[in-house]
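Visitor: I'm new to this one, so could you pick a single part and walk me through it slowly? I'd like to hear about the helices and what they rest against.

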Amino acid sequence: MTRTGIKAALTDLLLNEDITLAEAADRHFTPDYRQRTDGEWADRTEFLDHIAHLRTLVTGGEVEVHEELYDGTKYADRHTCHFTKKDGSTVSMEVYVFADLSPDGRFQRIEETTLMLKGSDADRNLGSAR
């Protein structure tokens, strides 16, 4: 099993202009993917709609993984997203993730909580599925 991780997934979704959103999603997320961010659930379609919107806002950045744990099909991490928006402003969010991986190593479910480190209230959902 080749396992995905949050850095690879978010980099492909938001920062890799060489692949489409559909290619990035299929590489890292199962068709039945669900995500809960700060208590709010999104299915795969809602998640990808949100990512498509973020792609119109984000011009660059990086995902810094502080801790990452794999245990069979369970995954957990703590990471910080640092993004630069097209207007030149920057956003940093710390994120805590617990996830289930499918047998083929893609994310099937993520539950996460976010902490805004830098940015405005309007930027709060930049790092989430909403």
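Guide: Let's start where two helices meet: H1 passes H2 in a left-handed crossing. Keep in mind that this is a predicted model. H1 covers residues 6–15, and its axis lies 8 Å from that of H2, with the two packing at an angle of about 165 degrees. Angles over 145 degrees count as roughly antiparallel, and H1 and H2 are therefore roughly antiparallel to each other.

Who does the touching? On the H1 side you'll find Ala 8, Ala 9, Asp 12 and Leu 13, while H2 brings Leu 21, Ala 24, Ala 25, Arg 27 and His 28. Sort the residues of that contact by class and you get six nonpolar, one polar and two charged.

Now stay with H2 and turn to its other helix contact, the one with H3. Here the axes come within 11 Å and cross at roughly 135 degrees, which makes H2 oblique to H3. This crossing is right-handed. H2 takes part through Leu 21, Ala 25 and Asp 26, and H3 answers with Arg 44, Leu 48, Ile 51, Ala 52 and Arg 55. By class, the contact of H2 with H3 has five nonpolar residues, three charged ones and no polar ones. If Leu 21 and Ala 25 sound familiar, they should: they also turned up in the contact with H1.

So what do these helices rest against? There's an open sheet of six strands, and if you read across it the order is S2-S1-S6-S5-S4-S3, with mixed pairing. Strand S2 (40–43) and strand S3 (58–71) are the edges, each pairing on one side only. From one strand to the next, the twist averages 25 degrees.

H2, residues 21–28, packs on this sheet and touches S1 and S6, with its direction at about 90 degrees to that of S1. H3, residues 44–57, packs on the sheet too, touching S1, S2, S3 and strand S4 (74–85), and its direction makes about 95 degrees with that of S2.

Take a look at the two strands that H2 touches. S1 (residues 29–37) and S6 (residues 107–118) pair in the parallel sense, over five bridges. For one spot to find on your screen, try Thr 37, whose bridge partner in S6 is Glu 112.

One last thing, this time from a record: an unreviewed UniProt entry annotates residues 23–109 as "domain: SnoaL-like". That span is 23% helix and 62% strand, and its end C-alpha atoms lie 18 Å apart.

How values were computed: Residues numbered from 1 in each chain as written. Predicted model: local features only at pLDDT ≥ 70, side-chain atom pairs only at ≥ 80, totals over all residues. Heavy atoms only, no water. Pairing = 2+ DSSP bridges. Helix = DSSP H or I, 4+ residues; strand = E, 2+ residues; numbered from the N terminus. Axes fitted to C-alpha atoms, helices over the stretch in contact; angles between N-to-C directions. Contact = heavy atoms within 4.5 Å. Parallel < 35°, antiparallel > 145°, perpendicular 65-115°, else oblique. Left-handed = near helix turned anticlockwise from the far one by under 90°. Nonpolar A, V, L, I, M, F, W, Y, C, P; charged D, E, K, R; others polar. UniProt positions renumbered as here; feature names shortened; annotations may be inferred.
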